[in-house]
Amino acid sequence: MKVAVALGDRSYDIVVEESYAGLGALLRGRRRVAVVTETAVDDHVGALVGAALDAAGITHATFTMGEGEDAKSLATVQSLARDLTRYGLLRGDVVVAMGADDAGFTAAVYYRGIDVVQVPTTLLAMVDSAIGGKTGVNLPEGKNLVGAFHQPISVFANPRVLATLPDRHYRSGLGEIAKYALMGDDFVSARVAALVARDPATLAEVIARCAALKARCVEADELERTGVRAVLNYGHTLGHALETATAHSLQHGEAVAIGLVFAAHLATALERTPPELAARTESLVAALGLPVQAPPGVAGAELLRIMQRDKKSAGGLTFVLDGPSGIERVDDPNPAALDKALAAIGVEV
């Protein structure tokens, strides 16, 4: 199945199918392709992507990057850009970002921007991070603080490869799926058992529905200037702070799951939503096998300092919260409400 992202002359499709044949067809005729990946990903998915490119007669080479959040750095981008230069990649060539977060940002700045195809290999990337053109790397001070908007020319999500993911990495993707379920139409609660079991048909359906929700937000606010796209950051302000405060010992989806619980309790403390929302949020997150409490030892004061550096911030604290008008941006909430929400996830203030 295909989900269109309508952006005028930069429109593209998100392809959800158990094959990469369409990737070869899309790139047929290109002079050269650089596949950028991680070692563990290449071991499981590289042969499938390579076979599709070979079948289309495309010259390609694979470049392997470091794994994890620590590898998402400007040093990695420089190293990859130098490798691409030595390979002879030119402006009309293509980067295939196969599970490598650095690849999209490198494509955005190499030769001032070359085409990139996103081939997400985790559930989290299939439903969220590979869609919409956000690329970036981390600084010691926070996550994704250096980046650029650079839309791909296509996204190929193959649910078949999810069978190879370690359990914790798979569950991390369920954190982003929980976010979409809590943004309005809950299409997840009735499918929890099938998702936890990695049922292929359920995965394909849910991936496509999440992708469609993100596509509509991207179309309405591509560069995150009107506030529409900001709803996709639901649960992320606290989530990103937790990732930084724990030196990324939490998976992204785990941190977002805790962030969703925090956001629900903050909305309740601000009397924007009834207590039932927080209870429903905790129930869904727990049913998906994700944490509802922050790890021991995380300090509330540290989280507040990190959240003030969040990209959405206008100088204070900015959150995306549910309320009478739906999910929207809320600036500088009452400190007492913040303390209650932090306490609800086990953080001392």
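A residue is taken as buried when its relative accessible area is under 20%. With that cut-off in hand, the aromatic side chains of this predicted model can be walked through pair by pair.

Phe262 has a relative accessibility of 1% and is therefore classed as buried. Its partner's case is similar to read: Phe319, at 2% relative accessibility, also counts as buried.

The model contains three aromatic pairs. One of them joins Phe63 and Tyr87 in an edge-to-face arrangement, with 5.4 Å from centre to centre and an angle of 65° between the planes. This contact bridges distant parts of the chain, since Phe63 belongs to strand 4 (residues 60-65) and Tyr87 to helix 3 (residues 74-87), 24 residues apart. Phe63 is buried, as its relative accessible area is 12%, and Tyr87 is likewise buried at 17% relative accessibility.

Phe262 and Phe319, introduced above, form a tilted pair, for which the centres are 5.7 Å apart and the planes make an angle of 50°. Here too distant parts of the chain are linked: Phe262 lies in helix 10 (residues 252-269) and Phe319 in strand 10 (residues 318-321), 57 residues apart.

Aromatic rings also meet charged groups in this model. The ring of Tyr180 has the charged end of Lys179 sitting over it, 4.4 Å from the ring centre. For Tyr170, it is Arg198 whose charged end sits over the ring, at 4.3 Å from the centre.

How values were computed
Residues are numbered from 1 along each chain as its sequence is written. This is a predicted model: local features need pLDDT of at least 70, side-chain atom pairs count only at pLDDT 80 or more; totals for chains, interfaces and linings use all residues. Side-chain values use heavy atoms; hydrogens and water are left out. Rings of Phe, Tyr and Trp (its six-membered ring) pair if their centres lie within 6.5 Å; planes under 30 degrees apart count as stacked, over 60 as edge-to-face and the rest as tilted. Helices (H or I, at least four residues) and strands (E, at least two) are DSSP runs, numbered from the N terminus. Buried means under 20% relative accessible area, exposed over 50%, partly exposed in between (1.4 Å probe, protein chains only). A charge sits over a ring if NZ of Lys or CZ of Arg is within 6 Å of the ring centre and within 35 degrees of the ring normal.
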